[in-house]
Amino acid sequence: MSWRRSFLSYKEKYEDTYSPPPFDDVNEEEKEKETKKSGGIHARISQCSSSSELKKRLKMKEEEGVGEEEEEEKTRRKDDRDPVPETGFTIWDASLLLAAYLKREEKMEQFLGASAASAAAGKTTRVVELGAGTGAGTLLLVESVVEKMRERNGDVRFVVTDLDVVLHLLRHNVRESGASEFVSVQRLEWGETRRKEDVESVKTLLSPSRIDLVIGADLCYTSNEEVIKNLADTVKLCGSRACVMAFCREHNPSAVDLFESLCEDTFRIKKVTNTDPLWPEHVREDSDDFVIFEMTRCVALDE
Ligand SMILES: C[S@@+](CC[C@H](N)C(=O)[O-])C[C@H]1O[C@@H](n2cnc3c(N)ncnc32)[C@H](O)[C@@H]1O
């Protein structure tokens, strides 16, 4: 059976809550036992078709803020916005790939500070996910990373970011996955320079000494080049020494190529494909639709 969600039914993509095995096929009692084992964290990812559906699904009311955030979105400039609205309410394939890849022992050590040496240095590893959508890229990863860090006495914190319209779903999913201690939610629009308070909060979030790794899944799918330029600018502004992005090239190969060419002046980019020995077996397939960019900063940071 294919691992790819793009082939699933409407119900599976927009109505069902996604939980990785063993949670998808066990009873409530088993779920509770498993959750206890992993310190209370286990991904439970709600999805829906739109923000209006989200309000109904999560029983949200205007006074809880969903309406206000949408109003704010409407008043913002639209010319460098993705013309495909509300893509962040379902899990995209590349986020399954990204999480599975970064869960490899070698990758946790390389990118997530899970090596004995980094843990011994007593540093907290900080990871920011851009365009997190449902939060799957991070929420499918955090349980394993936290477990590994506990073994090593290391520490890790994730920040999942997206546009206003998706933040309620993101907060809900972080909470339902029992991951609030390790994952926080923040609004971050690529290329943001419009409101003073946004610039300040983005600056704080993006202060170079604070971020070790930037991650993202399926962020190059639009034909609006301004969106891709804003994304590349944000990745550079983040100031992390590394960035790992997973793409499904099927959506828009030229957007992935544009992103690569825009980032080449700042990062050395290693492209990982499904012939790589560390590509997770359960997402290996007979196609080159997917690619992972491992990006290492080659231009010194302005501290
Ligand atoms: C194709 S979805 C991928 C979602 C998620 N990463 C995944 O793989 O399931 C693209 C995500 O980028 C977000 N996005 C689009 N334009 C954005 C922008 N200008 N700033 C921040 N996020 C944006 C969307 O809201 C959406 O969550």
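Contacts that span long stretches of sequence dominate this predicted model. Take the contacts in the chain with a separation of 6 or more: residues 24 or more positions apart account for 80% of them. The chain has 303 residues, and 54% of them are buried. About 14200 Å² is exposed. Carbon and sulfur atoms supply 49% of that area.

Next, the secondary structure. The chain holds 12 helices and 7 strands. An open sheet of 7 strands can be followed in the order E3-E2-E1-E4-E5-E7-E6. Its pairing is mixed. Strands of a sheet pair through backbone hydrogen bonds, either parallel or antiparallel.

Now look at the edges. Strand E3 (183-187) stands at one of them and strand E6 (267-272) at the other. Each has a single partner strand, so one side of each is left without a neighbour in the sheet. From one strand to the next, the twist averages 20°.

The E6 edge repays a closer look. E6 pairs with strand E7 (residues 290-297) in the antiparallel sense, over 6 bridges. To find the pairing in the model, start at Phe 267, which stands opposite Arg 297 in E7.

Two helices can then be placed against the strands. Helix H9 (residues 164-176) lies across strand E2 (155-162) and E3. H9 runs at about 170° to E3. Helix H11 (residues 225-238) lies across strand E4 (213-217), strand E5 (242-248), E6 and E7. H11 runs at about 40° to E7. Edge strand E3 is thus covered in the account of H9, and edge strand E6 in that of H11.

Technical notes: Residues numbered from 1 in each chain as written. Predicted model: local features only at pLDDT ≥ 70, side-chain atom pairs only at ≥ 80, totals over all residues. Heavy atoms only, no water. Pairing = 2+ DSSP bridges. Helix = DSSP H or I, 4+ residues; strand = E, 2+ residues; numbered from the N terminus. Axes fitted to C-alpha atoms, helices over the stretch in contact; angles between N-to-C directions. Contact = heavy atoms within 4.5 Å. Buried < 20%, exposed > 50% of the residue type's maximum accessible area, 1.4 Å probe, protein only. Areas by Shrake-Rupley, 256 points an atom, 1.4 Å probe, with all protein chains shown as cover.
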